[in-house]
Amino acid sequence: NSSGWTAEDSLEELKQLADTAGAEVVARFLQKRPKPDPAFFIGRGKVQELALYVQQENVDLCIFDDELSPAQQRNIEQSMGVRVLDRTALILDIFAQRAHTNEGKLQVELAQLQYTLPRIMGKGLALSRLGGGIGTRGPGETKLEVDRRRIRDRIAYIKECIGKVKSVRTLHRAGRAKASVPTVSLVGYTNAGKSTLLNTLTNSDIYAQDQLFATLDPTTRQLDLPNKQQAILTDTVGFIQRLPHQLVAAFQSTLEEVVQSDVLLHVIDVSHELYKEQAAAVYQVLDELGAKDKTIITVYNKIDKLPPDSGLAERLSKEENSICISAKARYNLDGLLALIAENLKLKAVEESFLVP
Ligand code: GDP
């Protein structure tokens, strides 16, 4: 775990994720152990305690905040008589519900299949025991009902499709580069306000909701900057601590947009208690993508939610290349546009030195 997150914080976030997926959370349990039980992850006494609770309260789903091995997942399911998911499966489910474009659907299905593959026991065993509901939904729902070999074939096929989409995108990008339209990408923790900012900056109407991962597929809009300058603004998938690695891999081509951008806007929800930890989680993903050294403007958002006497906004705006705004209350947006224009200008100057 990245420093600063307590197990309780992480569990609170898991609850939000479960809400987003449409589950009603009736109870949370936390167990501190020196190390996980190899067969059950949690202690065996705890398993019994939970099994009893599950029966009494008619619970039909149990979600673990940590990644379970396929065997652990199976053992717990058998002992408790209830469906068991881990954090990764839950996040995959949310992504599955939210993928709208062809490419988004393909990427989520790829991640789901890669997650599922090691979880199928023996040759030719169907996955139907999972039943319907959370963790089994998605573009690949009916397709998940196939055996390993067919899953592997499907993975290969999807990779091929994604590769084709990717080459089309590369062409578009090359076109834009030729027309020398600079590109700006929004990055940030999920729920930081990226979609809201894209909407307000480009006067468009994109789904913004107080739920995790409202944005899945990349959205691109034209951005008008001061002095008739123009840029392309792209919203990307929200980041989260411990983003399943299958997803980072699956979204590589979408996230490439980030890597290729001229400037990144890192949107941070300063009204969140753990905003520093969230920002660190974002930097970690950027690092994985090889985008940490890009030009990054730190956009402290939701400044309207801070108590007026906190002094936080004053402190934060002194940081280098950062700005305090409210996307919702439309506060300081002109300042942000000017800062973007300034960064693009600097970048253009730098590049003119690089090109002989
Ligand atoms: P995303 O996941 O980063 O795209 O976040 P969204 O744009 O969907 O916003 C998440 C929630 O925060 C929504 O309920 C927005 O209305 C809210 N929000 C976004 N910006 C602001 C802001 O500046 N102030 C306040 N108070 N709420 C905001």
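The exercises below, each with a worked solution, concern a predicted model of a protein.

**Exercise 1.** Determine whether Ile 268 is buried or exposed, and find which residues it touches.

*Solution.* Begin by locating the residue: Ile 268 belongs to strand S6, which covers residues 263–269. Next, recall the cut-off, by which a residue is buried if 20 or more other C-beta atoms lie within 10 Å of its own. Ile 268 has 23 C-beta neighbours inside 10 Å, and therefore it counts as buried. Then, setting aside residues up to four places away in sequence, look for the contacts of Ile 268, among them Gly 188, Ala 192, Tyr 275, Val 299 and Tyr 300. Finally, consider a residue that is not on this list of contacts: the C-alpha atom of Ala 156, which is 112 residues apart from Ile 268 along the chain, is separated from that of Ile 268 by 37 Å.

**Exercise 2.** Find which members of the largest nonpolar core touch the most other members, and which helix gives this core its largest share.

*Solution.* The core contains 70 residues, and those that touch the most other members are Leu 90, Leu 92, Phe 239, Val 282, Val 299, Tyr 300 and Ile 325. Helix H4, residues 87–98, provides the largest share of this core, with 7 residues. Now take Leu 92 by itself: leaving aside neighbours within four places in sequence, Leu 92 is in contact with Val 108, Ala 111, Gln 112, Tyr 115 and Pro 244. As background, nonpolar side chains tend to be buried together in soluble globular proteins.

**Exercise 3.** Describe how helices H1 and H4 cross, and state which residues meet there.

*Solution.* In general, two packed helices are described by the angle between their axes and the distance between the axes. Here the axes of H1, residues 7–21, and H4 come within 9 Å and cross at roughly 35°, and the crossing is left-handed. On the H1 side the residues are Leu 14, Leu 17, Ala 18, Thr 20 and Ala 21, and they meet Arg 87, Leu 90, Ile 91, Asp 93 and Ile 94 of H4. Sorted by class, this contact has 7 nonpolar, 1 polar and 2 charged residues.

**Exercise 4.** Work out what domain 1 contributes to the contact with domain 2.

*Solution.* The protein is divided into domain 1 (7–90), domain 2 (97–159) and domain 3 (180–354). The contact between domain 1 and domain 2 takes 10 residues from domain 1 and 5 residues from domain 2. On the domain 1 side, helix H3 (70–80) and H4 are the elements that give two or more residues, and the largest share, 3 residues, comes from H4. By class, this side has 7 nonpolar, 3 polar and no charged residues.

Terms used: Residues numbered from 1 in each chain as written. Predicted model: local features only at pLDDT ≥ 70, side-chain atom pairs only at ≥ 80, totals over all residues. Helix = DSSP H or I, 4+ residues; strand = E, 2+ residues; numbered from the N terminus. Buried ≥ 20, exposed ≤ 12 C-beta atoms within 10 Å, placed from the backbone. Contact = placed C-beta atoms within 7 Å. Core = buried A, V, L, I, M, F, W, Y, C linked by C-beta atoms within 7 Å. Domains from an automatic or database assignment. Nonpolar A, V, L, I, M, F, W, Y, C, P; charged D, E, K, R; others polar. Axes fitted to C-alpha atoms, helices over the stretch in contact; angles between N-to-C directions. Left-handed = near helix turned anticlockwise from the far one by under 90°.
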